[in-house]
Amino acid sequence: MICSKVNLVTLLIVNLLNAASIVKAQPQPLHFTNKEEKSIIASSKLTRTQAESISRQALEKYHANQLSKAIRLWQQALKIYIQLDDKKAIATHLKYLSAVSLKIKNLPQAITYLEQYLVLTRLLKDKSEEIAVLTTLANTYAQQGKLNKVIQYYQKALPEVRATKNRLE
């Protein structure tokens with residue numbers, strides 16, 4: 001059940017990214033021999049290293065206020081992490097992309113990234129990030145004047161905030 005839930009979430013993310021024109025092709029299930037698996041493991045280490053390097057470059061561009069270049073680089077790194085099925089790295093990069101989208105006032109794109117990020121925070125059971133995403137979504141919708149959405153996301157955040165507060169007490 002958990003495995004199919006994880007695959008479903010990955011498929012959901014890929015579909016959302018396809019809708020956002022970030023990923024061009026749907027991943028297909030693959031079957032490998034032992035020799036092929038070893039080759040893939042070796043190449044995935046190289047690919048992970050490449051993704052980390054690209055992500056560092058994006059951060060440099062972000063700090064240099066070259067935001068469109070940062071977005072392109074983080075999108076490239078995100079594609080690699082999706083191929084590697086690294087949920088934490090995918091979540092991190094969706095967070096980065098939502099932040100830079102908010103900074104440049106591309107609110108529809110920020111919402112797309114935030115909604116994808118929300119799915120992953122729930123999958124990863126990261127309650128503090130889930131609360132942060134819910135409130136960021138509410139604030140983003142407030143900037144658009146969509147008060148029904150603002151209320152909806154704050155109402156989703158409130159029980160999580162209460163549950164977190166109770167666990168801390």
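The legends below accompany close-up views of a predicted model.

**View 1. The whole chain of the predicted model, with its helices and the confidence attached to them.** The chain holds seven helices and zero strands, and the elements accordingly follow one another from the N terminus as α-α-α-α-α-α-α. Averaged over the chain, the pLDDT is 81, and 71% of the residues score at least 70. Over residues 1–6 the pLDDT is below 50, and this stretch makes two contacts in the model beyond near neighbours in sequence. The pLDDT is also below 50 over residues 14–32, a stretch that has 27 contacts beyond near neighbours in sequence. Where pLDDT is low, the predicted coordinates should not be read in detail. Of the 169 residues of the chain, 34% count as buried, and the accessible surface of the chain comes to about 10,500 Å², with 57% of that area belonging to carbon and sulfur atoms. Among contacts between residues at least 6 apart in sequence, 50% join residues that are at least 24 apart.

**View 2. The largest nonpolar core and the helices that contribute to it.** This core comprises 33 residues, and the members that touch the most other members are I90, L94, L137 and Y153. Two or more residues are given to the core by each of α2 (34–63), α3 (67–84), α4 (87–103), α5 (107–123), α6 (127–143) and α7 (147–168). The largest share, ten residues, comes from α3. In soluble globular proteins, nonpolar side chains tend to be buried together. When neighbours within four places in sequence are left aside, L137 is in contact with I111, L114, E115, L118 and Y153.

**View 3. The surroundings of Y141 in helix α6.** Y141 is found in helix α6 and, with a relative accessibility of 5%, counts as buried, because the cut-off for that class is under 20%. Leaving aside neighbours within four places in sequence, the contacts of Y141 are I111, E115, K146, K149, V150 and Y153. For one of these partners, I111, the separation from Y141 is 30 residues in sequence, whereas the C-alpha to C-alpha distance is 8.3 Å. I111, E115 and Y153 appear also among the contacts of L137, again with neighbours within four places in sequence left aside.

**View 4. A cluster of aromatic rings formed by Y62, W74 and Y96.** The count of aromatic pairs comes to three. In one of them, the rings of Y62 and W74 have their centres 5.8 Å apart and their planes at 50°, so this pair is tilted. Since Y62 lies in helix α2 and W74 in helix α3, the pair ties together parts that are twelve residues apart in sequence. W74 also forms a tilted pair with Y96, at 4.9 Å centre to centre and with 35° between the planes. Here W74 lies in helix α3 and Y96 in helix α4, so the pair ties together parts that are 22 residues apart in sequence. Ring pairs thus link Y62, W74 and Y96 into a cluster. Within this cluster, W74 counts as buried at 2% relative accessibility, whereas Y96, at 31%, counts as partly exposed.

**View 5. Lysine side chains placed over tyrosine rings.** K103 lies over the face of Y62, at 4.8 Å from the ring centre, and the ring of Y62 is also the one that pairs with W74. A second arrangement of this kind involves K156, which lies over the face of Y153 at 5.0 Å from the ring centre. Y153 is itself one of the core residues that touch the most other members.

**View 6. Two loop lysines with positive phi.** Most residues other than glycine have a negative phi, and most peptide bonds are trans. K105, however, has a phi near 65°, a positive value in a residue other than glycine, and is found in the loop between α4 and α5. The relative accessible area of K105 is 58%, so this residue is exposed, the cut-off being over 50%. K125 likewise has a positive phi, of about 55°, although it is not a glycine, and its place is in the loop between α5 and α6. At 69% relative accessibility, K125 too counts as exposed.

How values were computed. Residues numbered from 1 in each chain as written. Predicted model: local features only at pLDDT ≥ 70, side-chain atom pairs only at ≥ 80, totals over all residues. Heavy atoms only, no water. pLDDT = per-residue confidence, 0-100. Contact = heavy atoms within 4.5 Å. Core = buried A, V, L, I, M, F, W, Y, C linked by side-chain atoms within 4.5 Å. Buried < 20%, exposed > 50% of the residue type's maximum accessible area, 1.4 Å probe, protein only. Helix = DSSP H or I, 4+ residues; strand = E, 2+ residues; numbered from the N terminus. Phe/Tyr/Trp six-rings, centres within 6.5 Å; stacked < 30°, edge-to-face > 60°. Lys NZ or Arg CZ within 6 Å of the ring centre and 35° of its normal. Areas by Shrake-Rupley, 256 points an atom, 1.4 Å probe, with all protein chains shown as cover.
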